[in-house]
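Thanks for coming. I have one structure to go through this morning, with the empty space in it as the main topic. Please have it open in your viewer.

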Amino acid sequence: MLENNYFLENEDLKQYFESLIDWEEVVEAFEQGFSDKKEYEKTGKEELSLAPGSKEEAIEFYRSVLESAGEIAGKEVAPFAQKMDAEGLIYEKGKVKFPKEMINAVNQVKEAGILPYSIGRKHGGLGLPCTVQAMLMEIFSRADGSLAIALGCMNLAETIERFGSEEMVQAYVPKMAAGELCGAMALTEPNYGSDLPNLQTKAIKGEDGVWRITGTKRFITHGCGFDDKPSIILTLARTGSPTSGARGLSFFIVKSEDVEIAGIEKKMGLHCSPTCEVVYENTPGILIGEEGYGLVKYSMAMMNGARLSIAGQAMGIGAAAYYEAKKYADEREQFGKKIRNIPAVKKMLDLMDKEILAMRSILQEASRSIDLYHWKSEKMKESGIDERKIKKDEGLKKWEKLANLFTPLSKYYITEQANKIAFDALQIHGGAGYTYDYDISRIYRDVRITNIYEGTTQLQVVAAIGGIVTGLGTKGILRQYLDEEMSSFSPSIELIENRKKLEESHELYLSLGNGTSKDEVAFELVESATRVIIGVILERGLKKLDGDSKRERVALVHSYNQDSTALLEYNKIRIENKKSPALV
């Protein structure tokens, strides 16, 4: 693995931070008048001591966290990723043993003070906006996907912060911020993967008022905890009748010491990430929020965050594949020249280069939408603003709809492209890449799960298609977004043409009526919309750059939109053929 600072040495990531993110907008939405700083000055609460008091302080704080993460990831974790993968996990009698290098890595993140990156400051966390969190996930994932997942699980406190009672929050969240507790999401069951409304694990409330849970959960990451840190398992269980569907499900806190870890999966990749089978036998649970809202409110909120986190993970693993391929191509000689100069190899590297830009652009735009909707509304609630006023805020409504669309789009697009990049990166390594001598074999195995877990690509399409169909309507939010963003710069001929092709595909799709024909080309419309959205984001960013960095980026963006033109035409033909199928 390349060993350097994974923030400072990543020119595109650094360019995003320095030039492309509108920090005025993000900081204003997230810091809400720097209320945490004012509270610190008023009360002297130590947990708020790092809170920024100005935009400049906020940016410098965010930068310092990313630089520290980049140093740890690139110089302390990456050199041991191969060894950790080879050693893997050991399961014995319900316990899971982690490689000492992984334990050391988590401890280094903790000692650097950046472990609780998504936990609120008032509970001992850093309280970072999603825009920065996405960068952190990318940085750590580039070093090792398993480590990034462990850190993400140790930040699974947001659901408790948002929906738990004050007693719950005080009992668990500060301990998670301190790295004393891990977190886990227990949704999936052996016979119910994404079909959550029909899961059968049940919770019964006893005469003593205690809920007790019985059932089995499968594919539960860190259900066993991490090292000597137990997990708080956020568990979805049925409190209604067996046929009560989504409204019969509730959400519970369960301690990992109260369940049996029946085993861990032997997986193709992510060898240091424990995927557990968790057995509940009259296990005590603590109800979060209201009974019956476990799926429709609490789990869905948690899953949206998890999906964006996996998009960030795939972003990092995809970047790792690209940099490893680039390094190998710069060193490997064949036919008397470096293989990077062979046209077929150069073509693959160029494609990776522009896709990395595209992936990062949709990840950051999705993160932006969450900062301008979710985190802004949460901060407004903390400031004592009436919830009725918050619900009427037109800006929040706009960004809520966009966040609900951009989240599945980013998860689908980034994970699919990361898999393609890893595939081509291994190809560039040739036969050497198929051996364990190079990191690309591990990267190739690790990335494969990203377009499967937390909802497959096909499920992300299902989640996004409605927002695209209605969003491109006459008064739709996506149409409004595209109009507003494209009016802020002079779009290229290619982008204008691509927008037109998307509109035509949308009209054709609407004309199909309801039925399987529509379902069969939903992906084509989703893909087309995603390519246009990314094209808009990429061209919008060009106006903020100058000099050589702009010239280099202009060429990549132009090439990306040219590729999109061909793809959108193909997708339009596919949709049109569903309307008028060829005679056989």
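What volume does the largest cavity have? It comes to about 40 Å³. Keep in mind that this is a predicted model, and that the volume is a computed value for that model. With a threshold of 30 Å³ or more, the count is one cavity.

Who lines the largest cavity? The lining consists of M1, S141, R142, A143, D144, G145, I317, A320, R442, I443 and D446. In terms of secondary structure, at least two lining residues come from each of α7 (130-143), α11 and α15 (440-447). Sorted by class, the lining of this cavity has five nonpolar residues, two polar and four charged.

Why roll a probe at all? A probe the size of a water molecule, rolled over the atoms, shows where empty space is left.

Now the pockets, and here I will take the second largest. Its volume is about 630 Å³. It is lined by 24 residues, and those closest to the centre of the pocket are E11, Y322, K326, D353 and E552. Four helices give two or more residues to this lining: α1 (11-20), α11 (294-331), α12 (343-382) and α21 (547-579). Which of the elements gives the most? That is α12, with seven residues. The class count for this pocket is 13 charged residues, seven nonpolar and four polar. Note that α11 turns up on both lists: it supplies at least two residues to the lining of the largest cavity, and two or more to the lining of the second largest pocket.

Let me step back to the whole chain. It has 21 helices and eleven strands. The C-alpha trace spans about 70 × 60 × 55 Å along its principal axes. How does the radius of gyration of 24 Å fit a chain of 584 residues? It agrees with a compact globule, because such a globule with that many residues would have a value near 25 Å.

Two further numbers describe the packing. Of the 584 residues, 56% are buried, where buried means under 20% relative accessible area. Among contacts with a separation of 6 or more, 76% are between residues 24 or more positions apart.

Last, the outside. The accessible surface of the chain is about 24,800 Å², and carbon and sulfur atoms account for 50% of that area.

That is what I have. I will take questions now.

Key
Residues are numbered from 1 along each chain as its sequence is written. This is a predicted model: local features need pLDDT of at least 70, side-chain atom pairs count only at pLDDT 80 or more; totals for chains, interfaces and linings use all residues. Side-chain values use heavy atoms; hydrogens and water are left out. On a 1 Å grid over the protein atoms alone, a cavity is a set of points where a 1.4 Å probe fits but cannot get out, and a pocket is an open set with protein on both sides within 12 Å along at least five of seven lines; lining residues have an atom within 4 Å of a point. Grid points are joined across faces, edges and corners, and a volume is the space filled by probe spheres set on the points. Ala, Val, Leu, Ile, Met, Phe, Trp, Tyr, Cys and Pro count as nonpolar, Asp, Glu, Lys and Arg as charged, and the others, Gly among them, as polar. The radius of gyration is taken over C-alpha atoms; the globule rule is 2.2 Å times the number of residues to the power 0.38. Buried means under 20% relative accessible area, exposed over 50%, partly exposed in between (1.4 Å probe, protein chains only). Contact means heavy atoms within 4.5 Å. Accessible areas come from the Shrake-Rupley method with a 1.4 Å probe; for residues, only the protein chains shown count as cover.
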